[in-house]
Amino acid sequence: MTLIYEKDQKEDPGNYRPVSPTLVLGKVMEQIILNATKRHTQDNQVIRPSQHGFKKGRPCLTSLISFYDKVTHLMYEGKAVDVVHLDFSKDFDTVSHSILLEKLAAHGLYGCALCWVKNWLDGWAQRVVVESWWPVTSGAPPGLSIGASLV
């Protein structure tokens, strides 16, 4: 595990992002979980058709274009438009591992696969200061970022 500086003061540990090399087995498991998650969301219509991001061919940019088009039409018709902007960029940094495991189990991940994810999460730790190790109890570990979208 190594820390990559992101922004602001270098003295603040919160301004670093942990990065670790991912094993091939981890990448294979990630694809298995990703495919199961995609299948579940499609079969159960979890994601609405208007959703952008997290959908193939529907990046966040198309969301902005769609939004701009709707606002422009409303303004052209002389209607008032109110906009609330929410920034969820740090939301997945606080995903509880226990809740993530419960959600994965509730969505059909079980047996060895669920145990493997649990062991991976339980074994995830990072060192921010030399000689000081703390277990990581929230967030998506490297290579398992798709799990966070279930919360």
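Right after helix H2 comes Gly 78, and its phi is positive, near 80°. Keep in mind that everything here comes from a predicted model. H2 itself covers residues 60–76, and it is one of four helices that share the protein with four strands. Starting at the N terminus, the elements go β-β-α-α-α-α-β-β. Of the 151 residues, 21% are buried.

**Around the end of H2**

- H2 has 17 residues, and from its first C-alpha to its last it reaches 24 Å. That is close to the 24 Å you'd expect at 1.5 Å a residue.
- Which residue does Glu 77 pair with in a salt bridge? Its partner is Lys 79, with the closest N and O atoms 3.4 Å apart.
- The structure holds one salt bridge, so the Glu 77 and Lys 79 pair is what you're looking for if you want to see it.
- Lys 79 is partly exposed, with a relative accessible area of 48%.

**Helix H3 and its two sides**

- H3 runs over residues 97–106, and its buried residues are His 97, Leu 100, Leu 101 and Leu 104.
- Those buried residues cover an arc of only 100° around the axis, so they sit on the same side of H3.
- Here's the background: an α-helix has 3.6 residues a turn, so residues three or four places apart point the same way.
- Now look at the other side of H3, where Glu 102 and Ala 106 are exposed.
- What do the buried residues of H3 pack against? They pack against H4.
- H3 is also followed by a glycine with a positive phi: this one is Gly 108, with a value near 100°.

**Helix H4**

- H4 spans residues 111–122, which makes twelve residues. From first C-alpha to last, H4 reaches 16 Å, close to the 16 Å expected at 1.5 Å a residue.
- The buried residues of H4 are Ala 113, Val 117 and Leu 121. They cover an arc of only 70° around the axis, which means they are on the same side of H4.
- Ala 113 also gives you a nice link back to helix H1 (residues 24–43), which is where you find Ile 32. In sequence Ile 32 and Ala 113 are 81 residues apart, but in space their C-alphas are 9.2 Å apart.
- Ile 32 counts as partly exposed, at 47% relative accessibility.
- Zooming out to the whole protein, take the contacts between residues at least 6 apart in sequence: 45% of them join residues at least 24 apart.

**The two cysteines**

- How many disulfides does the structure hold? The count is zero.
- As a reminder, a disulfide is a covalent bond between the sulfur atoms of two cysteines.
- Why is there no bond for Cys 112? The closest cysteine sulfur is in Cys 115, and it is 6.8 Å away, too far for a bond. The cut-off for a disulfide is a pair of sulfur atoms within 2.5 Å.
- You get the matching picture from the Cys 115 end: Cys 115 is in no disulfide, and its nearest cysteine sulfur is that of Cys 112, 6.8 Å away.
- Cys 112 counts as exposed at 70% relative accessibility, while Cys 115 counts as partly exposed at 42%.

**The loop between E1 and E2**

- Asn 15 belongs to the loop that connects strand E1 (2–5) with strand E2 (16–19).
- Is Asn 15 buried or exposed? Asn 15 is buried, with a relative accessible area of 8%.
- A polar atom of the Asn 15 side chain lies 2.9 Å from the backbone oxygen of Gln 9.
- If you leave aside neighbours within four places in sequence, Asn 15 is in contact with Ile 4, Tyr 5, Glu 6, Lys 7, Asp 8 and Gln 9.
- One of those contacts, Asp 8, is in the loop between E1 and E2 too. Its phi is near 55°, a positive value in a residue other than glycine.
- Asp 8 is exposed, with a relative accessible area of 57%, whereas Asn 15 is buried.

Technical notes:
Residues numbered from 1 in each chain as written. Heavy atoms only, no water. Helix = DSSP H or I, 4+ residues; strand = E, 2+ residues; numbered from the N terminus. Buried < 20%, exposed > 50% of the residue type's maximum accessible area, 1.4 Å probe, protein only. Polar contact = N/O pair within 3.5 Å; in protein donor to acceptor, adjacent residues only side chain to side chain. Contact = heavy atoms within 4.5 Å. Expected span 1.5 Å × (residues − 1). Arc of directions from axis to C-beta. Salt bridge = Lys/Arg side-chain N within 4 Å of Asp/Glu carboxyl O.
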